[in-house]
Amino acid sequence: MRLDPAACGAPIPLVRATPSGQVRDTVFPVEMLDRLPDLMRVDPPSYPAVMTRTGFDAFVVLSVLVEANGEPSRVMVARTSRHRGVDSAIRESMLRSWYRPALRRGRPVPVMLCQTVAVNAEVVR
């Protein structure tokens, strides 16, 4: 598995709110960061058996919300491999991963980024 983080580039910060409607914090676009998050740990995905038998290669783009503590709190498939089991395995793996947090003005902040995952079945076997 090759992990290749790249900017998702939202033009304005995304804002999350508490249930009462108050702004909790801001998710910063990468252009406003001093340091991007670094992927420090990722658990290998559990791929479907069909992938290991048939030699299926996969390329998936994920949208990952990395919290200020480095944990991904939301992972969505932005570009599918066209194999639901592969997409699900990669998504679940990324939810168990950990990043060194992004920094803005020296403080850890949440950020949304794109994570590209390319899988070669020869490596999986």
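**Exercise 1. The hairpin**

Val 66 has Pro 72 as its bridge partner in β6; starting from this pair, work out in which sense β5 and β6 pair and over how many bridges.

*Solution.* The coordinates are those of a predicted model, in which local features need pLDDT of at least 70 and side-chain atom pairs count only at pLDDT 80 or more, whereas totals for chains, interfaces and linings use all residues. Residues are numbered from 1 along each chain as its sequence is written, and side-chain values use heavy atoms, with hydrogens and water left out.

Step 1: fix the terms. Strands (E, at least two residues) and helices (H or I, at least four) are DSSP runs numbered from the N terminus, and two strands pair if DSSP finds at least two bridges between them.

Step 2: locate a further pair. Val 61 stands opposite Arg 79, which belongs to β6.

Step 3: read the sense and the turn. The pairing between β5 and β6 (residues 72-79) is antiparallel and runs over 6 bridges; the two strands form a hairpin with 5 residues between them, and Gly 70 in that turn has a positive phi of about 95 degrees.

**Exercise 2. The surroundings of β5**

Determine which residue of β10 is the bridge partner of Ala 58, and how many of the 9 residues of β5 are buried.

*Solution.* Step 1: turn to β10. The partner of Ala 58 there is Val 119, and β5 pairs with β10 in the antiparallel sense over 9 bridges.

Step 2: apply the burial criterion, in which buried means under 20% relative accessible area, exposed means over 50%, and partly exposed lies in between (1.4 Å probe, protein chains only). By this count 8 of the 9 residues of β5 are buried, so the strand is largely enclosed by the rest of the structure. For the whole chain, buried residues make up 38% of the 125 residues.

**Exercise 3. The nonpolar core**

Identify the residues with the most contacts inside the largest nonpolar core and the element that gives the largest share of this core.

*Solution.* Step 1: define the object. A nonpolar core is a set of buried Ala, Val, Leu, Ile, Met, Phe, Trp, Tyr and Cys residues joined through side-chain atoms within 4.5 Å.

Step 2: list the members that stand out. The largest core has 21 residues, and those with the most contacts inside it are Leu 33, Leu 62, Val 64, Ile 90 and Val 111. Two or more residues come from each of β5 (58-66), α2 (84-95) and β10 (111-119), and β5 gives the largest share, 5 residues.

Step 3: examine one member. With contact taken as heavy atoms within 4.5 Å, and leaving aside residues up to four places away in sequence, Val 111 touches a set of residues including Val 27, Leu 33, Pro 37, Val 64 and Ala 102.

**Exercise 4. Charged pairs across the sequence**

Establish how many salt bridges the structure holds and which parts are tied together by the pair Arg 100 and Asp 38.

*Solution.* Step 1: count. With a salt bridge defined as a side-chain nitrogen of Lys or Arg within 4 Å of a carboxyl oxygen of Asp or Glu, the structure holds 3 of them.

Step 2: follow Arg 100. The side chains of Arg 100 and Asp 38 meet at 2.3 Å, N to O; Arg 100 lies in strand β7 and Asp 38 in strand β4 (residues 38-41), so the pair ties together parts that are 62 residues apart in sequence. Arg 100 is partly exposed at 31% relative accessibility, and Asp 38 is partly exposed at 29%. Leu 39, likewise found in β4, has its C-alpha atom 6.4 Å from that of Arg 100.

Step 3: treat the remaining pairs. Arg 96 and Asp 43 meet in a salt bridge at 3.4 Å, N to O; Arg 96 lies in the loop between α2 and β7 and Asp 43 in the loop between β4 and α1 (49-54), so this pair ties together parts that are 53 residues apart. Arg 91 forms a salt bridge with Glu 92, the closest N and O atoms being 2.9 Å apart.

**Exercise 5. Confidence**

Decide where in the chain confidence is lowest and where it is highest among the elements.

*Solution.* Step 1: take the overall level. pLDDT is the predictor's confidence in each residue, from 0 to 100; the chain averages 75, and 70% of the residues score at least 70.

Step 2: compare the elements. Strand β1 (residues 2-7) is lowest at a mean of 40, and strand β7 (residues 98-100) is highest at 93.

Step 3: inspect the weak stretch. Over residues 1-24 pLDDT stays under 50, and the model has 55 contacts beyond four places in sequence for this stretch.
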